[in-house]
Amino acid sequence: MATRPLEMGPAGLHTARAIERVRLALGLTQHQLAARCTAMGRPMTNTALSRTERAHRRCDIDDLVLIAAALGVPPADLLPTGARLTHPRHSAADACGGAREALLG
């Protein structure tokens, strides 16, 4: 049975836009950034990077760390902070409470 892809959440959308914004600010093409990533040891195609920036492909943690390094920024610079992370279906208090419960048991 085929699985349905998960909807991209607000953190993923923010990160996709941030990657593109930083890349453009540095004057890099998608091809150049993909080549940098490949040269750093994680093969990445121009198509994969394009799909990531358009939020058609999820950016896993390994890709995020490598893309950030290739852009010369800390990975945290590509992630949302504070209120930007809250999903419309969940409040920040719910997210914090759930995380606190998971950590404290």
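1. Let's start with one residue you can find easily: Arg-23 lies in helix 1. Keep in mind as you look around that this is a predicted model.

2. Is Arg-23 buried or exposed? Its relative accessible area is 6%, and because buried means under 20%, Arg-23 counts as buried.

3. What surrounds Arg-23 there? Setting aside the neighbours within four places in sequence, Arg-23 is in contact with Leu-28, Thr-29, Gln-30, Leu-33, Glu-53 and Leu-71. Try clicking through these residues one by one. For Leu-28 there is a further detail to look at: a polar atom of the Arg-23 side chain lies 2.8 Å from the backbone oxygen of Leu-28.

4. Here is a pair worth displaying together. Arg-23 and Ala-68 are 45 residues apart along the chain, and their C-alpha atoms are separated by 9.8 Å.

5. Now let's turn to empty space. Rolling a probe the size of a water molecule over the atoms shows where such space is left. In this model, the largest pocket holds about 170 Å³ of space. The pocket is lined by 15 residues, and the closest to its centre are Gly-12, Thr-15, Arg-58, Cys-59 and Asp-60.

6. Which elements give two or more residues to this lining? They are helix 1 (10-25) and helix 4 (61-71). The largest share comes from helix 1, with five residues. That is a nice link back to our starting point, since Arg-23 lies in helix 1 too.

7. Finally, a word on the chemistry of the lining. The residues lining the largest pocket comprise eight nonpolar, four polar and three charged.

How values were computed
Residues numbered from 1 in each chain as written. Predicted model: local features only at pLDDT ≥ 70, side-chain atom pairs only at ≥ 80, totals over all residues. Heavy atoms only, no water. 1 Å grid on protein atoms, 1.4 Å probe; cavity = no way out; pocket = protein on both sides within 12 Å on 5 of 7 lines; lining within 4 Å. Points joined across faces, edges and corners; volume = space filled by probe spheres on them. Helix = DSSP H or I, 4+ residues; strand = E, 2+ residues; numbered from the N terminus. Nonpolar A, V, L, I, M, F, W, Y, C, P; charged D, E, K, R; others polar. Buried < 20%, exposed > 50% of the residue type's maximum accessible area, 1.4 Å probe, protein only. Contact = heavy atoms within 4.5 Å. Polar contact = N/O pair within 3.5 Å; in protein donor to acceptor, adjacent residues only side chain to side chain.
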